[in-house]
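Thank you all for coming; please have a look at the model on the screen before I begin.

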Amino acid sequence: MEPSVSVQSGRIDIAAVTAELALSGDVGGVVTFAGYCRSEDGKLAALELEHYPGMAEKEIGRIAKQAAERWPLLAAKVIHRYGKIAPGEEIVLVACASAHRAAAFEAAEFLMDFLKSRAPFWKREHLIDGTVGGWVEAKHEDDTALERWR
């Protein structure tokens, strides 16, 4: 099974991805996680995400292959957006299909822990008042979450 990775500026059709993965063989379940842009209590106009084209896909693909080797997945798809993303819009989708739910849940969580702490994306806040914030620093708890998979 070769995981699918996409880095794109456009919106993610979560229902279509879920339906696609459900047809990936003798699927017992598809686990999806969609991460959304928050408004930060009404302060945020948009979150800007930048990446190095080619590098981001390669690194996400590398970790997705690790997930496919570690768990008995029938299919896996990771879609991550870049550009300016408005509050309420999806930023990322991780979807894993397996014959059994435990593998799908664990693989999806593994992939998200990697994406939150190691994926090569940079985030900057654009505030409602028109100011542009600095680049958002990684959170210690995201690094801690990743450690449990080692």
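I will talk about aromatic pairs, then nonpolar cores, and finally one helix contact.

First, a word of care: this is a predicted model, in which local features need pLDDT of at least 70 and side-chain atom pairs count only at pLDDT 80 or more, while totals for chains, interfaces and linings use all residues. Residues are numbered from 1 along each chain as its sequence is written, and side-chain values use heavy atoms, with hydrogens and water left out.

How many aromatic pairs does a search of the whole structure find? It finds four, where rings of Phe, Tyr and Trp (its six-membered ring) pair if their centres lie within 6.5 Å, and planes under 30 degrees apart count as stacked, over 60 as edge-to-face and the rest as tilted. One of them joins Y52 and W122 edge-to-face, at 5.2 Å centre to centre and with 80° between the planes. Because Y52 sits in the loop between strand 3 and helix 2, and W122 in strand 7, this pair ties together parts that are 70 residues apart in sequence; helices (H or I, at least four residues) and strands (E, at least two) are DSSP runs, numbered from the N terminus.

The pair of W71 and F110 is tilted, with 5.3 Å from centre to centre and 55° between the planes. Since W71 lies in the loop between helix 2 and strand 4, and F110 in helix 3, the pair ties together parts 39 residues apart in sequence. Both W71 and F110 are buried, that is, under 20% relative accessible area, with exposed meaning over 50% and partly exposed in between (1.4 Å probe, protein chains only). Ring pairs also bring in W149, linking W71, F110 and W149 into a cluster.

W71 appears again in the largest nonpolar core, which has 33 residues, and W71, V94, C96, L111 and L115 are those with the most contacts inside it. Such a core is a set of buried Ala, Val, Leu, Ile, Met, Phe, Trp, Tyr and Cys residues joined through side-chain atoms within 4.5 Å. Helix 3 gives the most to this core, with nine residues.

Lastly, helix 3 and helix 4 pack at an angle of about 140°, with their axes 9 Å apart; axes are lines fitted to C-alpha atoms, for helices over the stretch in contact (heavy atoms within 4.5 Å), and angles run from 0 to 180 degrees between N-to-C directions. Helix 3 contributes D113, F114, K116 and S117 to the contact, and helix 4 contributes D142, D143, A145 and L146.
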